[in-house]
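This report walks through one protein model. It covers the overall build, the nonpolar cores, the salt bridges and a few single sites.

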Amino acid sequence: MCQVDEDFQGQLEHTEVPSISKKCVKCKEKTAVVVIRAGDTYCRDCFREYFIHKFRAMLGKNRIIFPGEKVLLAVSGGPSSCSMLSQVQEGLSQNAHKKLRFIPGIVYIDEGAAAGRSVDDRKTAMAQMQTLFEATGFPFHLVPLEQVLDLSPSVLVMAPSPSEQPGSAYKAAVDQFIQSKGHWPPRPQDQDQDQDLDQASLPDIQESHTQLLQQLMSSTKTQTAREELLSMLRQHLLVHTARTKGYSKLMLGDCCSRLAVKLLSSIALGRGAQLAQDTGFSDSRYGDIITVRPMRDYSSKEIVFYNHMFKVPSIFIPGLDTMTADKSSIQRLTESFVTKLQADFPSTVSTIYRTSEKLQTAWKGSCAADVCDTCLLCLCALDTTVENASAFQATLISEQLSQTKPPETSSAINPNLNPVQSNPGSALATTTGQCCSGEGECGKKGGGCCSSPRVPETTDMRSLLCYSCRQTVKDMSSVDHLPAYILLEAQRRNRRSQMREQISEFILDEGV
Amino acid sequence: MYAKICLIFLFLSRGGAELLFKGVKEHHVTLPTQSEPWDVKQLLVWIQRNLLKERPELFVQGDSVRPGILVLINDADWELMGELDYQLQDQDNIVFISTLHGG
């Protein structure tokens, strides 16, 4: 029955082709212009109403955005994020029924360096985006990806959320929020001040930074790893922008079709444990910034139709994966698989989407900053601390067995340490040998100060990463090209865990 | 007997499909006369032969467009018009929009 070259001889039922003069299923009067899902035909006005209503319903149902809150919209120029922008504009406009009540800001991240675009192309694109944003009247920020090289390691640390509130006590939470910081309606001087600062000229990009980024991208061997790395850097930069400019929520424009592809490709990449956060409506892995995906109920067809019919401006900017072949990366392959399947079976994407809705995170309570059981790169809970008989251990063992035996470097994995000082307070300064003092850069390449032979950095980072991030890093020829903030944070965490190991016998247990 | 010449405007609007057509978004096209009326299937073949500058597999797949590329005929979904069997009229407006990541 399920053979490769099965020939069905036309036994498959054909979906009934809607005829030309089909009426709208909602108002039953006007001629339909668009087919949504499997066979629902809508006329122009009903479609518009449906589209706008869905956005409001999504925000209203989830009750996560408070009135007066500052929300950062991440706009890439693509149809989905520009549609989100226009919905927000629509929702905040005076004549809207049940106005949305939050303060938006826009951020655009220019990834031209990673995609290998010329400086002129990037400048043109930035200028176009600037025109688009200026027309909305919201404060906006144009951020080149090069700024990721200047981030501080604190972006990788989960910050405590401003207040712990149960989901059901929404009204109480809103009141508390308004009392603590929000003002509604927004005071005019707050908004003007923001706008003055941000109508800046296009940011300049340093040539050296661009080259460093390009070096980073070319040091990854596979397109898959490159795309993962890019999306991680982008995410860090978004969170950093939100934190520094005082936004408490981040809105991403991922649509249903893209999320379905992301779900399947995440599973293929080993991110099964983090699916709920990667594809859910809200993602609270950063603690203080909550990522929200209000477009996740819209299929890409609906978005594209709406944009075309109602003239929503969007700009196409070629990215890292434009014009790549089907098999160039796991993400592309999954996308082509899902879209092809969707063409014949129109409920594919919605089925995958419904499955993703059922996923929930089992968050193990808030972690203190010191207890680093979150992945260094993606900030999700580590899924590698499992018992010995797990599938994960099996992959590790088979990996070890299939590699040629390295010549006695196993002893170098743990760099030689000084004996533990009796005073744990100064342990941090001395555990890593006489070479560092305080925040010294031990482990930096070429440093001959450590008495042990130079330890391959990949080994050092492995324990800090979740499974899929390990795979990504493994695909890099050298970890040293990663931006400084990642390396610094990795070293800091390594030092802390080494220190903790050494003073573990002095720590009092909770229950004792 | 259908000898009239069809004038069709092709807009490859935003989404990247225009990259395959050297960045030109709007094409005003006159199809050569032929005895049978033109339908969309033949139009695709014509486009592939005359307008598509590179990477045909990113636009056309077999008989039809690649899944993920939407076609609008006179601002209506082509599924409502009969998809590939729709017969082209004079001054028709055909729009191809790509919804895919990779092109």
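## Elements and model

Helices (H or I, at least four residues) and strands (E, at least two) are DSSP runs, numbered from the N terminus. The model is predicted.

By that rule, A:Asp254 falls in the loop between strand E6 (249-251) and helix H9 (256-269) of chain A. The chain A total is 18 helices and eight strands.

## Chain A as a whole

Chain A has 512 residues, and 46% of them count as buried. Its accessible surface comes to about 26700 Å². Carbon and sulfur atoms hold 53% of that surface.

Contacts in chain A reach far along the sequence. Among those with a separation of 6 or more, 74% join residues 24 or more positions apart.

## Nonpolar cores

The largest nonpolar core has 94 residues. Five of its members touch the most others: A:Phe47, A:Phe133, A:Met251, B:Phe59 and B:Phe96. Helix H1 (residues 44-62) of chain A supplies the largest share of this core, eight residues. Apart from this core lies another, of 50 residues. Its members include A:Val107, A:Leu145, A:Cys378 and A:Ile486.

What does A:Phe47 touch beyond its neighbours within four places in sequence? Its contacts include A:Val34, A:Ile36 and A:Tyr42. They also include A:Glu302, A:Phe305, A:Tyr306, A:Met309 and A:Phe310.

## Salt bridges

Over all chains, the count comes to 23 salt bridges. One of the pairs is A:Glu146 with A:Arg122, whose side chains meet at 3.1 Å, N to O. A:Glu146 sits in the loop between strand E5 (140-144) and helix H5 (170-180) of chain A, and A:Arg122 in helix H4 (residues 119-134) of chain A, so the pair ties together parts that are 24 residues apart in sequence. A:Glu146 is buried, with a relative accessible area of 3%. A:Arg122 counts as buried too, at 4% relative accessibility.

A:Asp278 and A:Arg285 form another salt bridge, at 2.7 Å, N to O. A:Asp278 has a relative accessible area of 5%, so it is buried. A:Arg285 is buried as well, with a relative accessible area of 6%.

## Helix H12: a charged network and a nonpolar patch

A:Arg332 and A:Glu335 meet in a salt bridge through their side chains, at 2.8 Å, N to O. The two are separated by about one helical turn, because they lie three residues apart in helix H12 of chain A. A:Arg332 counts as buried at 1% relative accessibility. A:Glu335 is buried with a relative accessible area of 7%. Which residues make up the network of salt bridges around this pair? A:Asp326, A:Arg332, A:Glu335, A:Lys340 and B:Arg66 are linked in it. The network thus has members in chain A and chain B.

A:Leu341 is also in helix H12 (residues 330-344) of chain A. Its relative accessibility is 31%, so A:Leu341 counts as partly exposed. A:Phe337, A:Leu341 and A:Phe345 make a nonpolar surface patch of about 290 Å².

## Site A:Asp254

Is A:Asp254 buried or partly exposed? Its relative accessibility is 22%, and buried means under 20%, so A:Asp254 counts as partly exposed. Leaving aside neighbours within four places in sequence, A:Asp254 is in contact with A:Ser80, A:Leu259, A:Arg293, A:Met295 and A:Arg296.

One of these partners, A:Arg293, makes a side-chain to side-chain polar contact with A:Asp254, at 3.2 Å. A:Ser282 is 28 residues from A:Asp254 in sequence. In space the two are 12 Å apart, C-alpha to C-alpha.

## Site B:Ser64

B:Ser64 lies in strand E4 (residues 64-65) of chain B. The relative accessible area of B:Ser64 is 19%, and it is buried. The cut-off matters here: buried means under 20% relative accessible area. Not counting residues up to four places away in sequence, B:Ser64 touches B:Leu44, B:Trp78 and B:Leu84.

Terms used
Residues numbered from 1 in each chain as written. Chains lettered and ligands numbered in written order. Predicted model: local features only at pLDDT ≥ 70, side-chain atom pairs only at ≥ 80, totals over all residues. Heavy atoms only, no water. Patch = residues over 30% accessible without salt bridge, like charges linked within 9 Å, V, L, I, M, F, W, Y side chains within 5 Å. Areas by Shrake-Rupley, 256 points an atom, 1.4 Å probe, with all protein chains shown as cover. Salt bridge = Lys/Arg side-chain N within 4 Å of Asp/Glu carboxyl O. Buried < 20%, exposed > 50% of the residue type's maximum accessible area, 1.4 Å probe, protein only. Core = buried A, V, L, I, M, F, W, Y, C linked by side-chain atoms within 4.5 Å. Contact = heavy atoms within 4.5 Å. Polar contact = N/O pair within 3.5 Å; in protein donor to acceptor, adjacent residues only side chain to side chain.
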